[in-house]
Amino acid sequence: MKRNLILLTLLLGLTGLLPADAQRSDNYRGLLRDATVRVEHTNLPIVFINPGGRMIQRDRYILAKMKIVHNGDGHLNYADTVAHPGQHVDYEGWIALKYRGNSSFSESDKKPLALRTLESNVLPDYGGAKQKVALLGMPKDNKWCFIAPWCDQTMLRDVLSMELARPWFRWVPRMRLCEVFIDGTYYGVYLLSERVSKGKHRLGLDDPGTYEGDLTGDYHVAVDHGYDPYFASRYKPWQSLDGSRVAQQYDIKYEYEDPADEDFATLPAYTRQALQSEVNRMEAAFMADDWQQPDGGYRKQIDVQSFIDYMLATELSMNIDGYRLSTHLYKYSQHHAEALGTDSRWRTTLWDFNIAWGNANYYDGQQTDRWQYELNLNFPWDDCPVPFYWYRMLQDTAYTSAMKQRWQQYRQGNHSDVRLMHTIDSLATLITSGGAAQRNEQAWGISDRSYIWPIPYYAEDYADAVNYLKTWTRRRLQFLDKHLLPPRRVETEPVEVAEGWNADIVAESLPAATYTSATVDGSDRAFYAALLRSRGGLPASRLITTENEHATFLLAPYDQPGALSLRSYGEQGTLRLVLPIATHELFVLATSGNGQSTVNIRLNYADGTTTDAGMYDIRDWSVPTARLDGTEAVTALGNIWRGSNSYSSDNHYCLFSFSVPVDADRQLESLTVSSASTAYAAIMALAALKPAADLAGISSPAVREAPSTGFSTPGIFSLSGTQLPAGRRPGLVIVRQADGSVRKVVRR
């Protein structure tokens, strides 16, 4: 009897079923806010994980069973499988299960999971075999994971990134939204995902030496923290775009992925050294004298298009981990590449976007007007820096030209405004239509928590979280378009402000101190009108067409306050429009003194709702000719000292414009601008993007039939067709005569 008990204990140990691993309250179960959430039915697949009472570990796999119920897209799935028999079981079997992730584990109550599908109830560590299976329509493999959206209140940033990238990359992970039960308790919305791994239907890598002992690949490494065994680059990271400053104290760290560190013992001798040699050869190509050669140099070592696609995906999402963490590089051996009909150059794929898309409160992660690749310059103290070769490529005009061309292709494809927003809406609908978002919130209470690392914007509910993502994305698209697309020519309608201007910063006569009320900067200087002095003066017509985008603004009359001046941190003002407007994009004409200003803008709609449109930088108004970069709205302006009436000797002062995405389905009534810096910000005019068909064929003068929304009787109308009240100075308008002719004029 005693001998049988010993054998039973040994068997349980081999299969991972020892009761010593029993679930404890300090493990995942105790972190739920509500462990009583019930699921009657859902549109998402339902995953049941049964660890059999064993505690899930982080450093080793335990044995568990998994069952996935999925009746197909468009059909409901029922959690009570007894009351609803006959449902389609996508998978039912044994798995090896453990926790995974770095910050996604340590900073989250909702823990991500790694799993391996098995042939039997014996773990691989004890001689059991892994089994390749297809899950939820994803091709067969045995290496999977559950991504656990925690700090991402939309729960869709990872899958959004992969869906957008899929047409452009050789391979990126497939993911499926699902709802997960562990030990019969509901744990919310997860993403069942492929891992970035060597499998036939993934990276498609073979073991090194498979082809006649060829050790030039296949290899897969990740630039990362260096938590696991890793090797360091022979080159140090740059802290300047041209390599003139190098961070000697930090390393670029490559972690072994395929082969993994533990695999080298079973592979041909010197495989580890051969892998490192291939990385060294790639990096050395960027430092060679012929590094830019179109038929040689670094292009012989990397698939340039793949690196461009990685850069665009990283920059669009402002992924603060991009380039330096979770950055996967892989290549095929020479013989394998020939068999595949491709080449053996290094390629990239994507992973880990949960703190991207404006979802990080550090390293400018919430900003839309920064470049992520400049992290080494802006935050030189981080010990996981951007590898130097990303900066090197940006020195190559052929590379930057190709990247701009690729971005044009993106914007004409699934990255167009309409299609990208549709992708976000479709994914959000998957999470909301069957109640999954509500159940996940009930289980975890995300919206009620005072702090979740590293959220920069705490949404009131799921809809608010999605709205923040969409607003942030529109602004990011504008930034990338501005720098990667040819300069656009926009058609705008000046927007008049009824109240909110608090400063007169333009002198139309002398003495300047009498005809102005405020200064543009701390040295008591103001602009002047061309009526006072033509050289460097603002136009007498007050009508400004910007040099960069040809947007049309109308300044307020010079004899009254015509700017919103914000001079201290936290100071704010609200500009109320004469008439509510509907537009997709609001343009702002502004400048800054005493350095660069940063302002936050909140949009206030006529229906009582508001939207935080984010933060915007306004450059300092003094821009010498040598520093002009083509993004300035107005250049070559002068200024006048208010106390002495003396003019600037050099007319190198500028106005700048930026645009704010607006919900065109709502009427914009006002905007609130608040200062987030100590420089002097000055908002000087507003303009709205006109609909594409607006004013088609109109010039000054011109004749056309009245627009369908517009004016059939004589009168004065806005450019969007709204009749304006008499007795005021409406600025740029359309005047309709009794004979039906119309013309565009500026009324002063």
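1. Let me start with a pair of residues in the sheet: asparagine 50 stands opposite lysine 65 in strand 3. Strand 2 (residues 46-50) and strand 3 (residues 62-69) run antiparallel and are joined by 5 bridges. Strands here are DSSP runs of E of at least two residues, helices are runs of H or I of at least four, and both are numbered from the N terminus; two strands pair if DSSP finds at least two bridges between them.

2. A word on what you are looking at: this is a predicted model, in which local features need pLDDT of at least 70 and side-chain atom pairs count only at pLDDT 80 or more, while totals for chains, interfaces and linings use all residues. Residues are numbered from 1 along each chain as its sequence is written, and side-chain values use heavy atoms, with hydrogens and water left out.

3. Strands 2 and 3 belong to a closed barrel of 7 strands, in the order 2-3-5-6-9-11-10, with mixed pairing. From one strand to the next, the twist averages 40 degrees (axes are lines fitted to C-alpha atoms, for helices over the stretch in contact, and angles between N-to-C directions run from 0 to 180 degrees).

4. Two helices are worth a look against these strands. Helix 3 (residues 157-165) lies across strand 9 (143-147), strand 10 (175-182) and strand 11 (185-194), at about 155 degrees to strand 10. Helix 11 (residues 436-444) lies across strand 10 and strand 11, at about 120 degrees to strand 11.

5. Now for the interior. The largest nonpolar core has 136 residues, and those with the most contacts inside it are Ile49, Met66, Phe146, Tyr254, Tyr389 and Trp390. Its largest share, 9 residues, comes from helix 12 (residues 462-484). Apart from it lies another core, of 32 residues, among them Leu575, Leu577, Ala613 and Cys654. (A nonpolar core is a set of buried Ala, Val, Leu, Ile, Met, Phe, Trp, Tyr and Cys residues joined through side-chain atoms within 4.5 Å; buried means under 20% relative accessible area, exposed over 50%, partly exposed in between, with a 1.4 Å probe and protein chains only.)

6. Phenylalanine 146 deserves a closer view: beyond its neighbours within four places in sequence, its contacts (heavy atoms within 4.5 Å) include Val47, Ile49, Met66, Cys178 and Tyr190.

7. Finally, confidence: pLDDT, the predictor's confidence in each residue from 0 to 100, averages 89 for the protein, and 88% of the residues score at least 70. Please take care with residues 719-723, where pLDDT stays under 50, and with residues 725-731, where pLDDT also stays under 50.
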